[in-house]
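Work through the exercises below with the model open. Each task is followed by a solution in steps.

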Amino acid sequence: MSAVIEVLQQVVEGVGSGAVYASLALALVLIHRFTGIVNFAQGELAMISTYVAWQLVASGMPFWLALPVTLAVSFAGGMLIERIVIRPVQAAPELTTVIVTVGLFIFVNATAGLIWSFTVKDFPQQFPDGGIDLAGVRVDWSTLGIIGVVAVVMGLLYLLFQHTSIGLVMRAVACNPASARLSGIRVGRVLMLGWGLAATVGAVSGVLVAPVLFLEPNMMGGVLIYAFAAATLGGFDSPVGAVVGGLLVGVAETLAGAYVDVIGADLKVGVPLVIILAVLLVRPQGLFGRAAVERA
């Protein structure tokens, strides 16, 4: 019985980690659905948003007031990046857009280091210490808080896309930008909105993970790898798949680190790489993705 409880404990911890991966994977999926771009700078955008939140809190602003301000800044920043950096190369070959996002990754990382230095900073934990005991399995309040925040974000996105006119327009652009443009939709503005939403969702993942990892410019590098694995597993065109993929990746990483001696705590980063390779070989569109069909 104790062995079962131990496994369940690892699963609970994996779900907590997976929720963070899911939030960043959700940002990756949002951008890919609207623009077809895989944004390698998504983790760095989340990191610099977290620095904004830290700066506001350090200046005396209460965290729960600093958070919506940070999300608003992230939204505006995402829209600005789409307009200034991405739109000029939107029609360029895929390799060009990849290079641009990698360049954005380097630029944002260096900017954060220049402004705040590469010294590790302590980000305040907003969830209380302790937790609850469920049949011998301990669930920390921080884990429940992270899962709750990600669930709220997912619910708000669902309401936006399924029950608002803006969501309908965004789905039309994601489905067929050319037809949407012919229908009179301002596709450029919708793409800016998509980047803004993705930056906002990514900021949530940064704020959630910072108390665990400590705040420094390279903190999201490993998280981005897990988020890519989550998006690949769930499907790059499925927001639901990103969340499910994130939870599965988190559980797989935790169980592998605990029970596979070769992996242990030091080689857990290899787990998402194996997942990415396996999915691309077996089901490239992911669990919830749709295979691309080309008509002759």
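**Exercise 1.** Classify Tyr 259 by its relative accessibility, then place Tyr 259 in the predicted model.

Solution.
- Step 1. Take the value: Tyr 259 has 38% relative accessibility. The model is predicted.
- Step 2. Apply the cut-offs: buried is under 20%, exposed is over 50%, and partly exposed lies in between. Tyr 259 therefore counts as partly exposed.
- Step 3. Find the element: Tyr 259 belongs to helix α10, residues 239-259.
- Step 4. Look at the surface: Tyr 259 joins Val 7, Val 260, Val 262 and Leu 267 in a nonpolar patch. Together these residues have about 440 Å² of accessible area.

**Exercise 2.** Is Phe 161 buried or exposed? Which residues does Phe 161 contact, leaving aside neighbours within four places in sequence?

Solution.
- Step 1. Locate Phe 161 in helix α5, which spans residues 141-163.
- Step 2. Read the relative accessible area of Phe 161: 11%. The cut-off for buried is under 20%, so Phe 161 is buried.
- Step 3. List the contacts, with the near sequence neighbours set aside: Leu 30, Phe 34, Gly 167, Leu 168, Met 170 and Arg 171.
- Step 4. Check a separation: Thr 50 is 111 residues from Phe 161 along the chain, and their C-alpha atoms are 26 Å apart.

**Exercise 3.** Apply the burial test to Thr 70 and list its contacts beyond four places in sequence.

Solution.
- Step 1. Thr 70 sits in helix α3, residues 63-86.
- Step 2. Thr 70 has a relative accessible area of 1%, so Thr 70 is buried.
- Step 3. Leaving aside neighbours within four places, Thr 70 contacts Ser 49, Val 52, Ala 53 and Leu 56.

**Exercise 4.** What is the helix content of residues 63-86 and of residues 98-119?

Solution.
- Step 1. Consult the record: an unreviewed UniProt entry gives "transmembrane region" at several spans, including 63-86 and 98-119.
- Step 2. Residues 63-86 are 100% helix and 0% strand, with end C-alpha atoms 32 Å apart.
- Step 3. Residues 98-119 are 86% helix and 0% strand. Their end C-alpha atoms lie 29 Å apart.

**Exercise 5.** In which sense do strands β1 and β2 pair, and over how many bridges?

Solution.
- Step 1. Set the limits: β1 covers residues 131-134 and β2 covers residues 137-140.
- Step 2. The pairing is antiparallel, over four bridges.
- Step 3. Pick one pair: Asp 133 has Arg 138 in β2 as its bridge partner.
- Step 4. Inspect the turn: two residues separate the strands of this hairpin. Ala 135, in the turn, has a positive phi of about 55 degrees.

Notes
Residues are numbered from 1 along each chain as its sequence is written. This is a predicted model: local features need pLDDT of at least 70, side-chain atom pairs count only at pLDDT 80 or more; totals for chains, interfaces and linings use all residues. Side-chain values use heavy atoms; hydrogens and water are left out. Buried means under 20% relative accessible area, exposed over 50%, partly exposed in between (1.4 Å probe, protein chains only). Contact means heavy atoms within 4.5 Å. Patches are made of residues with over 30% relative accessible area and no salt bridge: like charges are joined within 9 Å, nonpolar side chains (Val, Leu, Ile, Met, Phe, Trp, Tyr) within 5 Å. Accessible areas come from the Shrake-Rupley method with a 1.4 Å probe; for residues, only the protein chains shown count as cover. A salt bridge is a side-chain nitrogen of Lys or Arg within 4 Å of a carboxyl oxygen of Asp or Glu. UniProt positions are given in the numbering used here, feature names are shortened, and annotations may be inferred rather than shown by experiment. Two strands pair if DSSP finds at least two bridges between them.
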